[in-house]
Amino acid sequence: TDNSGNQESSIPYKVLKSNVVSGLTGHEVLMRAASKGYIDEDQVLDLSREITNRDCAKILAKLWNLEAPKERIQITDVPETDPDYNVIAAVVEAQMMNLKDPSVAAAQGTLYNAGISKDAASKRTAFLPDATINRDEMGYIAILSCGVPYNETLGTKPKFDDASEIESVYS
């Protein structure tokens, strides 16, 4: 259900002011994303620019209605004074995106998170907000944002509580 208890559709829609979204007229994908609240219809987007960690966190926060973390999270490269701190910290707290070790240049997403030591995990303090996200990382983030830990994606049960209600054709 949505916030109003609606069980007929999965998300409430916003009525757009016009068919101009993010500076583009009649772009169906952007209009759909804006009507669902994933993007701000008035914010101009550069569709040729790669998405960053910050962009992704903001989209996830809107998608899952995350506004702030329940507890303070220390992120070394996103101070609490950053205008996006609350949504970034909320997404990290919800385990949809991971912090990274700023001293490591190699990949730290996807399989690189499985079975890391406590010492390695303790060094992951940075969000790298302006780093771009590649296709592999985006797939990993999509899995995490649905509540499925990456190491549980191969034939195990997801951790969300309505799994029994999903028809077998979709699981």
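**View 1. Helix 3 is largely enclosed in this predicted model**. Helix 3 spans residues 85-93. Seven of its nine residues are buried, so the rest of the structure largely encloses the helix. The buried set is Y85, V87, I88, A89, A90, V91 and V92. Helix 2 is part of what covers them. Just after helix 3, Q95 adopts a positive phi of about 60°.

**View 2. The largest nonpolar core draws on helix 2 and helix 3**. This core has 19 residues. Those with the most contacts inside it are L60, I75, I88, V91, M97 and F127. Helix 2 and helix 3 are the elements that give two or more residues to this core. The largest share, six residues, comes from helix 3. Another core lies apart from this one. That other core has six residues, including L16, V21, A33 and A34.

**View 3. L60 touches residues from beyond its sequence neighbourhood**. Residues up to four places away in sequence are not counted here. L60 then touches V91, M96, M97, I141 and S145. L60 and V91 are both among the residues with the most contacts inside the largest nonpolar core.

**View 4. N53 is a buried residue of helix 2**. Helix 2 covers residues 53-63. N53 has 5% relative accessibility; buried means under 20%, so N53 counts as buried. Its side chain reaches the backbone oxygen of L128 at 2.7 Å. Leaving aside neighbours within four places in sequence, N53 is in contact with M97, F127, L128, P129, A131 and I133. Of these contacts, M97 and F127 also appear among the residues with the most contacts inside the largest nonpolar core.

How values were computed: Residues numbered from 1 in each chain as written. Predicted model: local features only at pLDDT ≥ 70, side-chain atom pairs only at ≥ 80, totals over all residues. Heavy atoms only, no water. Helix = DSSP H or I, 4+ residues; strand = E, 2+ residues; numbered from the N terminus. Buried < 20%, exposed > 50% of the residue type's maximum accessible area, 1.4 Å probe, protein only. Polar contact = N/O pair within 3.5 Å; in protein donor to acceptor, adjacent residues only side chain to side chain. Contact = heavy atoms within 4.5 Å. Core = buried A, V, L, I, M, F, W, Y, C linked by side-chain atoms within 4.5 Å.
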